[in-house]
Amino acid sequence: MLTQQHAGEIFDRIKKLSTADEVEVLFSGGHFALTRFANNTIHQNVAEENHVVSVRTVFGGKTARAFTNKFDDESLRLVVRSAESLARVQHPDPDLLPMPDEQEAAGSTGESPVPTPAPSRHFAETAGITPEMRAEGVKKIVGVAEKHSLTTAGVFSSGESFDGIFNSRGLSQWHTQTSAEISITMLAADSSGWQKANSPNAALLDPLALAEIAAQKAVNSALPREIAAGKYTVILEPAAVLDIVGFMFLDFSGMSILDQRSFLTGRIGTKLFGDNITIWDDVAHPLQAGSPFDGEGVQRQKLSLVENGIVKRVVYARATAERMKRSEYKDKVGPIAATGHGFALPNEMGEMPMNIVFAPVPDPQTVEQMIASTERGVLVTRLWYIREVEPFEKMLTGMTRDGTFYVENGRVQGGIRNFRFNESLIHMLANVEAMSVPVRSCGEESFDMVVPAMKVGEFNFTEVTKF
């Protein structure tokens, strides 16, 4: 795998080839492998390794980027020529800033607090996972399926990756990380169950335990009955919480405020959610993952986005922060400073918080305790096919799947047919009655977060599906 030293040597070669005012090079890649299974048997093993260099050049406020995955002299010469040719024909960007140096990128300019270093997310054991080791995990999953007379399908993947950035102002940043992920679906004649988990540390994943949970969901939701659509108390497991709340975090962006496309427009500093909702963006959290720097190499800050239901601030790339300081909104958006959340330039989206952590509540409840305190409600394993209906109230629609249960008198009464929902995220997060201890969670519709299970009142199911 490419090392920081080798990347630095490649950058030096690129810099000598360029005539631009400034040069920035992003490095990304690694190796990734997966074992895919269906119908209780492995049917695919794939592996790939790729290293990509992305060159951005600047001429008098004009910038552009070009990519290659070949590092020989001629390929580097061609990618530099492409980046420079593209940059020269762009219109000048009046908001483009000089590339950050080491001091600015480290957050030591006085505008922002110095970030807490993120823990290592590279584990040799995870990097060393072999196809045979993944097959052994799949064998355990299939064994559970066969024990319960179910059919299983899913993926066991593992990999090792790197991200790096160098620029002509002396900045050099590098991050390596490992990852492992298991996704399991258990199928019965008229029901299904699902579980998914990932971590930089494969030792934290237990395929047997995940398979047993997915299997029990499939078994316990068999012969689903149909109940009427309507507003119910709903208990959302962490994956369901993640996939629905993930739709609001692109709005926690300075550029989305400037573009007037954020549901937070005119609402920063106001109470939108319940007292029990506090949300951080924290790349250094022990359950989080990912690079500690953004697309320009600026260190990611730990930020309080929501405190006790009150929206406190949004995140900023460097140029967005400067634009906001000159805008009509500057006195209405809370603190304004580069926070290390920008995407690689050039881009149209600006920035986004990517390391979301829901703060624990003083009196967390387990899912079992939430069920026991529910007179009439619905337990949801996961949501899917989520789409935005109305952006300002953050009205979303989607469906339940892979384990939806009716709860009555404090007990799960069996499986029910799935629902379509139409629900406002603002309404939902203002009506959270209980939460569990936050955990690292992953789903299918959003990025990984540290989130709790939630018990939510008056959740709006609009129709029953046919499965």
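Strands, labelled E, are DSSP runs of at least two residues, and they are numbered from the N terminus. Keep that handy, and remember that the model you're looking at is predicted.

**Exercise 1. Find the strand that holds Glu-458, then work out what is unusual about its phi and whether the residue is buried, partly exposed or exposed.**

Step 1: Glu-458 sits in strand E19, which covers residues 454–464.
Step 2: Now the backbone angle. Most residues other than glycine have a negative phi. Glu-458 isn't a glycine, yet its phi is positive, near 60°.
Step 3: The relative accessibility of Glu-458 is 45%, so it counts as partly exposed.

**Exercise 2. Do the same for Tyr-385: which strand is it in, what is its phi, and how accessible is it?**

Step 1: Look in strand E12 for Tyr-385.
Step 2: Its phi is positive, about 50°, although Tyr-385 is not a glycine.
Step 3: With 44% relative accessibility, Tyr-385 counts as partly exposed.

**Exercise 3. Which way do the buried residues of helix H6 face, and what covers them?**

Step 1: Start with the helix. H6 runs over residues 207–220, 14 in total, and spans 20 Å from first C-alpha to last, close to the 20 Å expected.
Step 2: List the buried residues of H6: Pro-207, Leu-210, Ala-211, Ala-214, Ala-215, Lys-217 and Ala-218.
Step 3: They take up an arc of only 160° around the axis, so they lie on the same side of H6.
Step 4: That fits a general rule: an α-helix has 3.6 residues a turn, so residues three or four places apart point the same way.
Step 5: The cover over the buried residues of H6 includes helix H5 and strands E5, E6, E12 and E13.
Step 6: Finally, peek at the start of H6, where a side-chain oxygen of Asp-206 comes within 3.1 Å of the backbone nitrogen of Leu-208.

**Exercise 4. Which strands pair with E9, and in what sense?**

Step 1: E8 (residues 279–281) pairs with E9 in the antiparallel sense over 3 bridges. Here Ile-279 is opposite Val-306.
Step 2: E10 (residues 310–311) pairs with E9 too, again antiparallel, over 2 bridges. In E10, Val-311 is the bridge partner of Val-306.
Step 3: Between E9 and E10 there are 2 residues, and the two strands make a hairpin. Asn-308, in the turn, has a positive phi of about 50°.
Step 4: As for its surroundings, 4 of the 5 residues of E9 (303–307) are buried, so the strand is largely enclosed by the rest of the structure.

**Exercise 5. How are the rings of Phe-27 and Trp-174 arranged, and what does the pair tie together?**

Step 1: The structure has 14 aromatic pairs. In the one formed by Phe-27 and Trp-174, the centres are 6.2 Å apart and the planes make an angle of 55°, a tilted arrangement.
Step 2: Phe-27 belongs to strand E1 (residues 22–38) and Trp-174 to strand E5, so the pair ties together parts 147 residues apart in sequence.
Step 3: The cut-off for buried is under 20% relative accessible area. Phe-27, at 2%, is buried, and so is Trp-174, at 17%.
Step 4: Zoom out to the cluster that ring pairs make from Phe-11, Phe-27, Phe-162, Phe-166 and Trp-174.

Conventions: Residues are numbered from 1 along each chain as its sequence is written. This is a predicted model: local features need pLDDT of at least 70, side-chain atom pairs count only at pLDDT 80 or more; totals for chains, interfaces and linings use all residues. Side-chain values use heavy atoms; hydrogens and water are left out. The expected span of a helix is 1.5 Å times one less than its number of residues. Buried means under 20% relative accessible area, exposed over 50%, partly exposed in between (1.4 Å probe, protein chains only). The arc is that of the directions from the helix axis to the C-beta atoms. Contact means heavy atoms within 4.5 Å. A polar contact is a pair of N or O atoms within 3.5 Å; within protein, one must be able to donate a hydrogen and the other to accept it, and residues adjacent in sequence count only if both atoms are side-chain atoms. Two strands pair if DSSP finds at least two bridges between them. Rings of Phe, Tyr and Trp (its six-membered ring) pair if their centres lie within 6.5 Å; planes under 30 degrees apart count as stacked, over 60 as edge-to-face and the rest as tilted.
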